[in-house]
Amino acid sequence: MMEDIIAELPDLLPAIWLTIKLTVIASVIGLLFAIPLSIFSLSKNKMIRLPIEAFSYFFRGTPLLVQIYLIYFGLGQFEAVRNSGWLWDNILTDAYKCALIAFTLNTCAYTIEIFKGALKHTPKGEIEAGIAFGMNKFTLFRRIIFPSGFRRALPAYSNEVIFMLHGTAQASVLTLVDILGWARKVYSITYSPFIPFLIAAIVYLILTFALVAIFRYCERRWLSYLKPTF
């Protein structure tokens with residue numbers, strides 16, 4: 001049994017790399033979309049605000065696994081999608097791209113709410129200080145509201161990235177060999193679940209520790225002014 005597990009260890013490295021790629025790409029793209037959407041979600045115009053709220057509510061209110069199934073298996077039930085040409089041939093029939101789309105949309109929805117709350121609760125004193133300096137609305141947002149909100153959102157956003165790392169384990173349901181997919185593969189060969197899944201758990205712990213270290217460094221660098229002075 002151990003010989004079989006050792007023989008499969010070289011395949012663990014590509015599995016780890018796939019997990020890292022899914023986490024990083026989904027988080028970065030999700031963040032890039034979430035920042036402007038979180039700003040628009042604060043609009044008083046319902047035509048702008050309500051579609052964003054509906055998007056956020058759907059992807060936060062349904063399980064990630066269901067979203068993956070809907071994108072990879074569900075969209076193919078519609079003839080218009082199957083006849084869409086490039087979209088169907090190059091995106092929706094590719095398990096990796098479908099998983100990446102699902103992860104990106106999911107993390108985007110959560111990130112919208114994180115930044116929305118951080119921007120909405122900017123201390124009034126900071127805004128009043130900007131107005132006292134004669135800043136217009138755009139300059140006030142660019143120089144005070146957004147930088148201040150981004151810093152306050154960082155601890156919550158770090159948790160979202162970690163959740164996204166753990167969420168990528170769902171990619172294995174699409175036959176992608178990520179970390180969990182590797183553990184399932186080894187289990188199917190050895191019929192011993194404990195060791196391969198223990199190895200997977202240890203790898204996830206190491207990756208989580210690395211993410212925590214990165215975000216703690218960012219928090220120390222950008223949030224040092226919030227530390228008590230006594």
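How many aromatic pairs does the count come to? In this predicted model, the count comes to 10 aromatic pairs.

One of these pairs joins Tyr-157 and Phe-215. Their ring centres are 6.2 Å apart and their planes stand at 75°, so the pair is edge-to-face; the cut-off for that class is over 60 degrees. The contact links distant parts of the chain, since Tyr-157 belongs to helix α9 (residues 137-167) and Phe-215 to helix α11 (residues 194-222), 58 residues apart. Both partners fall under the 20% limit for buried residues. Tyr-157 has a relative accessibility of 8% and therefore counts as buried, and Phe-215 is buried as well, with a relative accessible area of 12%.

A second contact to look at is the one between Tyr-187 and Phe-197. Here the centre-to-centre distance is 6.1 Å and the angle between the planes is 50°, which makes the pair tilted. Tyr-187 sits in helix α10 (residues 179-190) and Phe-197 in helix α11, so this pair ties together parts that are 10 residues apart in sequence. Tyr-187 counts as partly exposed because its relative accessibility is 37%. Phe-197, at 29% relative accessibility, also counts as partly exposed. Helix α11 thus holds one partner of each pair: Phe-215 in the pair with Tyr-157, and Phe-197 in the pair with Tyr-187.

The pair of Tyr-157 and Phe-215 can also be placed in a wider group. Ring pairs link Phe-115, Phe-141, Phe-146, Phe-150, Tyr-157 and Phe-215 into a cluster.

The cysteines come next. Searching the whole structure gives zero disulfides. Cys-98 takes part in none, and the nearest cysteine sulfur to its own, that of Cys-108, is 18 Å away. Likewise, Cys-108 is in no disulfide, its nearest cysteine sulfur being that of Cys-98 at 18 Å. A disulfide requires the two sulfur atoms to lie within 2.5 Å, so a separation of 18 Å rules out a bond between Cys-98 and Cys-108. As for solvent, Cys-98 has 1% relative accessibility and so counts as buried. Cys-108 counts as buried too, at 4% relative accessibility.

Finally, the chain can be set against its database record. An unreviewed UniProt entry carries the annotation "domain: ABC transmembrane type-1" for residues 16-215. Over residues 16-215 the model is 82% helix and 0% strand. The C-alpha atoms at the two ends of this stretch are 20 Å apart.

Note on methods:
Residues numbered from 1 in each chain as written. Predicted model: local features only at pLDDT ≥ 70, side-chain atom pairs only at ≥ 80, totals over all residues. Heavy atoms only, no water. Buried < 20%, exposed > 50% of the residue type's maximum accessible area, 1.4 Å probe, protein only. Phe/Tyr/Trp six-rings, centres within 6.5 Å; stacked < 30°, edge-to-face > 60°. Helix = DSSP H or I, 4+ residues; strand = E, 2+ residues; numbered from the N terminus. UniProt positions renumbered as here; feature names shortened; annotations may be inferred.
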